[in-house]
Amino acid sequence: MSTLDIKNSRPDISPYLFHFIKGTDCHAKKILNDILATNCLKSNLPYICFTEMPLTSSIDMFRYMGQYPHQMYAPYGIAFPRDLLFDKQNARPVIYSTKAEIDTFPSELKWRTLELTPGVYDYSWLREWRIPNSCFNFHLNINDLIVIVRNDDELENIVVKEDRVTNEEYSNYSDEFKEIFPNPVFYYREYKGISLETICRENINSDSLLSKIIKEQRNGECL
């Protein structure tokens, strides 16, 4: 069995790294729109955080967090293939260790360390990865980007864009075309994406299956 076969057979492994947004749904949706408008992730730290937790395994986490007024993360964010971020953005998994051990690490490794004190301070469940930059401009990686939102209507509002044909342009089309398309408005996919609602409704139980669904989407396709 190949390494790829092993990874595809394990529901606890994802081919993606996810960046989820902190705060309430309302706040997270606004930030997500800002991120997509600028094609840029920014951080106040010298690194940007991601998680390797499979999206299909994170739904219960979001349900749990959603019951609190100050939820840690909302189900809104973006994802990229893990291997792309590893190769092109130097993404690396966080090293969880004690403060005493971290203090002995070389300075060039400190950006990817996080203290772990079992029973006291333990965020290892985040399965965190980081890229060593405070700004990640992903405009060259739009075709690799995946948008994640809570429900289908929100996803459609974000990934589907409207393209209006001017009256002058429309007048040059054939009568046959005008008969088929009487309204000179077209809709196309700007981003690939998935909603938690779709994952639950279609019983998508692994990110390997999710990856196959995402690969069927094409930016620019008519919808």
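This passage walks through some salt bridges, a strand pair, two cysteines, a surface patch and a few backbone details. The model is a predicted one, and that goes for everything described below.

Salt bridges make a good starting point. Side chains of opposite charge can pair when their charged atoms come close. In this structure, 13 salt bridges turn up. One of them links K30 with D34, whose closest N and O atoms sit 3.2 Å apart. Both residues belong to helix α2, which covers residues 25-38. K30 and D34 are 4 residues apart, or about one turn of the helix. As for the surroundings, K30 is exposed, with a relative accessible area of 51%, while D34 is partly exposed at 37%.

Helix α3 (residues 59-65) offers another pair, D60 and R63, spaced 3 residues apart and again about one turn of the helix. Here the side chains meet in a salt bridge with an N to O distance of 2.8 Å. Both ends of this pair are out in the open: D60 is exposed, with a relative accessible area of 54%, and R63 is exposed too, with 53%.

What about a salt bridge between two helices? R201 and D152 form one, with 2.7 Å between the closest N and O atoms. R201 lies in helix α9 (residues 196-201) and D152 in helix α6 (residues 152-159), so this pair ties together parts that are 49 residues apart in sequence. D152 counts as partly exposed, at 22% relative accessibility. There is a third member to mention as well: D152, R201 and E202 are joined into one network by salt bridges that share partners.

Next come the strands. In a regular strand the side chains alternate between the two faces of the sheet. Strand β13, made of residues 192-195, shows this pattern: K192 and I194 point one way, and G193 and S195 point the other way. All of these residues are buried. The strand also has a partner. Strand β10 (residues 146-149) pairs with β13 in the parallel sense, over 4 bridges. Within that pairing, I146 of the one strand stands opposite K192 of the other.

The cysteines are worth a slower look. How many disulfides does the structure hold? The count is 0. C40 is in no disulfide, and the nearest cysteine sulfur to that of C40 belongs to C135, 3.1 Å away. Why is there no bond here? A disulfide calls for sulfur atoms within 2.5 Å, and the 3.1 Å between the sulfurs of C135 and C40 is therefore too far for a bond. The two cysteines also sit in unlike surroundings: C40 is buried, with a relative accessible area of 9%, whereas C135 is partly exposed, with 39%.

On the surface, V120, Y121, Y123 and W125 make a nonpolar patch of about 400 Å². One of these residues, W125, is found in the loop between β7 (113-115) and β8 (128-131). W125 is partly exposed, with a relative accessible area of 35%.

That loop between β7 and β8 also contains R127, a residue with a backbone detail to note. Phi of R127 is near 50°, which is a positive value in a residue other than glycine. R127 counts as partly exposed, at 27% relative accessibility. A second case is N90, where phi is near 55°, again positive in a residue that is not glycine. N90 has its place in the loop between α4 (82-88) and β5 (92-93), and at 42% relative accessibility N90 counts as partly exposed.

Finally, there is R218, which lies in the segment after α10 (207-215). A polar atom of the R218 side chain lies 2.3 Å from the backbone oxygen of K215. R218 can also be placed relative to Y188: the two residues are 30 residues apart along the chain, and their C-alpha atoms are separated by 9.6 Å.

Note on methods: Residues numbered from 1 in each chain as written. Predicted model: local features only at pLDDT ≥ 70, side-chain atom pairs only at ≥ 80, totals over all residues. Heavy atoms only, no water. Patch = residues over 30% accessible without salt bridge, like charges linked within 9 Å, V, L, I, M, F, W, Y side chains within 5 Å. Areas by Shrake-Rupley, 256 points an atom, 1.4 Å probe, with all protein chains shown as cover. Salt bridge = Lys/Arg side-chain N within 4 Å of Asp/Glu carboxyl O. Buried < 20%, exposed > 50% of the residue type's maximum accessible area, 1.4 Å probe, protein only. Pairing = 2+ DSSP bridges. Polar contact = N/O pair within 3.5 Å; in protein donor to acceptor, adjacent residues only side chain to side chain.
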